[in-house]
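Reader: Could you take me through one part of this protein at close range? I would love a look at its salt bridges, and at whatever helps to place them in the fold.

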Amino acid sequence: MFDIKNEAYFASDLQYDVEDADREVEIKITINTGRARSVARTKVARQDAVHVHADKLFRSIDRGARSVEKLEAEYEYDDMKVKFVGHEPLGADDLSVLLGLNALAQAQRDNTLVANPESEREREVRRRLELEHSAECDETLTVDASFSELAREIGYSGSRNTRLIRQSIERLCSVTIFYEKAGKRETSKLIADYSSNEKSGGLYVALNPRIARAICGNNGSQYIKYNMNEVRALKNHTAKLIHYRLCGVVNVNCTLDLTLERLQSYAWPIQSSVKNTNKARRRATKLALEYIHEKANWKIEQMSSGKYMITRPKLK
């Protein structure tokens, strides 16, 4: 297991409260449905710190690997043992969809899913979250939106993306998370999908309670802030994965020195035994760093020691 505690403290955007200014999205109420819809893309999204620092949760996936490999990511965070298990590995495409759902949930923070909901739709999506042990009575959040809204939130374009988003939602729904700390256990799905219909274009998804607490800032939850403009700008998969992890360890408007090996592990957590494969991955990592510098405005310089001096820009 990898203990992230030595890295986690670098991120000053790991927060314990919520400021209304962070919402940064225009909202209007649809009169006939009473549902809040975002009419401007979210500028800042929050992710639960536990979901950021797991080495194997989101990674680069080789062609055909999804048909033969499964997800199993296990590590320790703040004296908590965490394990993610799924039918297929999760990649950069799935990461983008999850961050997009987080951003939409932030814009719809009033869509609370209580322990004993009244509507059939809410009861069913809560059942599909499979909340057990200490999480059984936790409140969470739902996203009531459309595929086009989610696609716009993460910078996708074209009709083909509806199918890709749907496939990512299915993979995210298959993931079960096990938490254990001081003898206390908690289990839930990563997300749960009640009705995501490609023909109608609508989707209704529940997030797990830890993500909901991060979005709402409840119970001293620790979260990482993401500049969604950066997320939308990054199209390269390796860059997406490295950027996701960098946001968890680099202070906003501050600098951190990291080795190429560490940066490479953010996309490929397991080193290959094939020399040429590792060489190709190092090259892809360097290109991804250049891409993050160009598209997301991060300052990245290689030092004589071989380390990279990485400066994260301010959240705009």
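Author: Happily; here is a walk through the salt bridges, with the overall fold before them and a few single residues after them.

Please keep in mind that this is a predicted model. The protein has 11 helices and 16 strands, and buried residues make up 53% of its 316 residues. Of the contacts between residues at least 6 apart in sequence, 71% join residues at least 24 apart. The protein exposes about 14800 Å², with carbon and sulfur atoms supplying 44% of that area.

Now to the salt bridges themselves. A search of the whole structure finds 19 of them. One is formed by Arg-245 and Asp-55, whose closest N and O atoms are 3.1 Å apart. Arg-245 belongs to helix H9, while Asp-55 sits in the loop between helix H2 (49-52) and strand S4 (71-77), so this pair ties together parts that are 190 residues apart in sequence. Both Arg-245 and Asp-55 are buried.

The loop between H2 and S4 also holds Arg-66, which pairs with Asp-93 of helix H3 (residues 92-107), 27 residues apart, and so links distant parts of the chain. The side chains of Asp-93 and Arg-66 meet in a salt bridge of 3.1 Å, N to O. Asp-93 counts as buried because its relative accessibility is 18%, whereas Arg-66, with a relative accessible area of 22%, is partly exposed; the cut-off for buried is under 20%. This pair does not stand alone: Arg-66, Asp-93, Asp-94 and Arg-171 are linked in a network of salt bridges.

Another salt bridge joins Asp-193 and Arg-166, with the closest N and O atoms 2.4 Å apart. Here, too, distant parts of the chain are linked: Asp-193 is in strand S11 (residues 191-197) and Arg-166 in helix H6 (residues 160-173), 27 residues apart. Asp-193 and Arg-166 are both buried.

A further arginine to look at is Arg-121, in helix H4 (residues 120-129). Its relative accessibility is 32%, so Arg-121 counts as partly exposed. Leaving aside neighbours within four places in sequence, Arg-121 is in contact with Asp-144, Tyr-194 and Tyr-204. The C-alpha atoms of Arg-121 and Tyr-204 are separated by 9.0 Å, although the two are 83 residues apart along the chain.

For a contrast with the paired charges, turn to the surface. Lys-275, Lys-279, Arg-282, Arg-283 and Lys-286 gather there in a patch of positive charge. Lys-286 is part of helix H11 (residues 275-296), and at 38% relative accessibility Lys-286 is partly exposed.

Two strands are worth a visit as well. Thr-187 lies in strand S10 (residues 184-189) and is buried, with a relative accessible area of 6%. Not counting residues up to four places away in sequence, Thr-187 touches several residues, including Leu-131, His-133, Ile-177 and Phe-178. His-133 itself lies in strand S7 (residues 132-133) and is partly exposed at 41% relative accessibility. The phi of His-133 is near 60 degrees, a positive value in a residue other than glycine.

Asn-253 is also not a glycine and has a positive phi, of about 65 degrees. Asn-253 is found in the loop between helix H9 (237-249) and strand S14 (255-258), and its relative accessible area of 44% makes Asn-253 partly exposed.

Conventions: Residues are numbered from 1 along each chain as its sequence is written. This is a predicted model: local features need pLDDT of at least 70, side-chain atom pairs count only at pLDDT 80 or more; totals for chains, interfaces and linings use all residues. Side-chain values use heavy atoms; hydrogens and water are left out. Helices (H or I, at least four residues) and strands (E, at least two) are DSSP runs, numbered from the N terminus. Buried means under 20% relative accessible area, exposed over 50%, partly exposed in between (1.4 Å probe, protein chains only). Contact means heavy atoms within 4.5 Å. Accessible areas come from the Shrake-Rupley method with a 1.4 Å probe; for residues, only the protein chains shown count as cover. Patches are made of residues with over 30% relative accessible area and no salt bridge: like charges are joined within 9 Å, nonpolar side chains (Val, Leu, Ile, Met, Phe, Trp, Tyr) within 5 Å. A salt bridge is a side-chain nitrogen of Lys or Arg within 4 Å of a carboxyl oxygen of Asp or Glu. Lys and Arg count as positive and Asp and Glu as negative; His and the chain ends are not counted. The place of a charge is taken as NZ of Lys, CZ of Arg, CG of Asp or CD of Glu.
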